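Got the model open in your viewer? Keep the selection tool handy and follow along, one stop at a time.

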Amino acid sequence: MRKDLSVHYSSKTCEHATPRPLKPFIDAMWGPNLDVCATPENAFCDRFFTKEDDGLVQPWDTHPDTVVWCNPPYGREMPRWIERCAYYSGLGITCLLLLPARTDTKIFHRVVRHGELHYFRGRLRFGDAPSVAPFPSLLCVLWGKVHG
């Protein structure tokens, strides 16, 4: 039986809800407390920005205890989210990014490969998609670089 992968190849949406089974692992390891790309239904943290809030233009909290969760839209805007996380990392904020493992891209070589990378075995199922994603995923940790 052929699985329907059209949702992953379609341009109908570039937003894919974070797989809920990841939450206990992410919370235990890093404890994110600001989700910058969420909906009220799929927010990973109590504090979050929605598409309407536009986390790309909102000021993010720069308190040293802030840990940002970012499962960005997987479209043309994704590099902007990665760059924004890199910027806040430079301000001392740890940012966690859930990304497709696309090691052949410019943004991977410019930013992602410099983070702490965690690869997932198998393919993730995003939200209520009927099947797993057609691409491997990784978690990139951009540690806050300002200490003290």
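What follows is a short walk from the whole chain down to a single residue.

**The whole chain.** Start with everything shown as a cartoon, and keep in mind that this is a predicted model. Colour by pLDDT: the mean for the protein is 87, and 88% of its residues reach 70 or more. Now select residues 1–13, where pLDDT stays under 50. For that stretch the model has 15 contacts beyond four places in sequence.

Switch to colouring by secondary structure and you'll find four helices and five strands. Going along from the N terminus, the elements run α-α-β-β-α-β-α-β-β. Of the 148 residues in the protein, 45% are buried. As for contacts with a separation of 6 or more, 68% of them are between residues 24 or more positions apart.

**The sheet.** Next, select the strands. In what order do the five strands of the open sheet lie? The order is 1-2-3-5-4, and the pairing is mixed. Strand 1 (34–35) and strand 4 (116–119) are the edge strands, each pairing on one side only.

**Strand 3.** Pick residues 94–100 for this stop. Is strand 3 mostly covered or mostly uncovered? It is mostly covered, with seven of its seven residues buried. Add strand 2 (residues 67–70) to the selection: strand 2 and strand 3 pair in the parallel sense over four bridges. Show Trp 69 and Leu 96 to see one pair of bridge partners. Then trace the chain from strand 2 through helix 3 (residues 78–90) to strand 3; this β-α-β crossover is right-handed.

Stay with strand 3 and bring in strand 5 (residues 137–142). Here the pairing is antiparallel, over six bridges. Leu 96 turns up again, standing opposite Val 141 in strand 5.

**Over to strand 4.** Now select strand 4 together with strand 5. The two run antiparallel and are joined by four bridges. To see a pair of partners, show His 118 and Leu 139, the latter in strand 5.

**Helix 3.** Go back to residues 78–90. Helix 3 has 13 residues and reaches 19 Å from its first C-alpha to its last, close to the 18 Å expected at 1.5 Å a residue. Which of its residues are buried? Show Met 78, Trp 81, Ile 82, Arg 84, Cys 85, Tyr 88 and Ser 89. They sit on the same side of helix 3, because they cover an arc of only 160° around the axis. A bit of background helps when you look down the axis: an α-helix has 3.6 residues a turn, so residues three or four places apart point the same way.

What do the buried residues of helix 3 pack against? Turn on strand 2, strand 3, helix 4 (106–110) and strand 5 to see their packing partners. Before moving on, click Gly 92, just after helix 3, which takes a positive phi of about 105°.

**Val 111.** For the last stop, select Val 111, in the loop between helix 4 and strand 4. Is Val 111 buried or exposed? Val 111 counts as buried because its relative accessibility is 9%, below the 20% cut-off. Leaving aside residues up to four places away in sequence, Val 111 touches Ile 82, Glu 83, Ala 86 and Leu 142. Finally, draw a distance from the C-alpha of Val 111 to that of Pro 79: these residues are 32 apart along the chain, and their C-alpha atoms are separated by 9.4 Å.

Note on methods:
Residues numbered from 1 in each chain as written. Predicted model: local features only at pLDDT ≥ 70, side-chain atom pairs only at ≥ 80, totals over all residues. Heavy atoms only, no water. Buried < 20%, exposed > 50% of the residue type's maximum accessible area, 1.4 Å probe, protein only. Pairing = 2+ DSSP bridges. Right-handed = clockwise from strand over helix to strand, strands pointing away. pLDDT = per-residue confidence, 0-100. Contact = heavy atoms within 4.5 Å. Expected span 1.5 Å × (residues − 1). Arc of directions from axis to C-beta.
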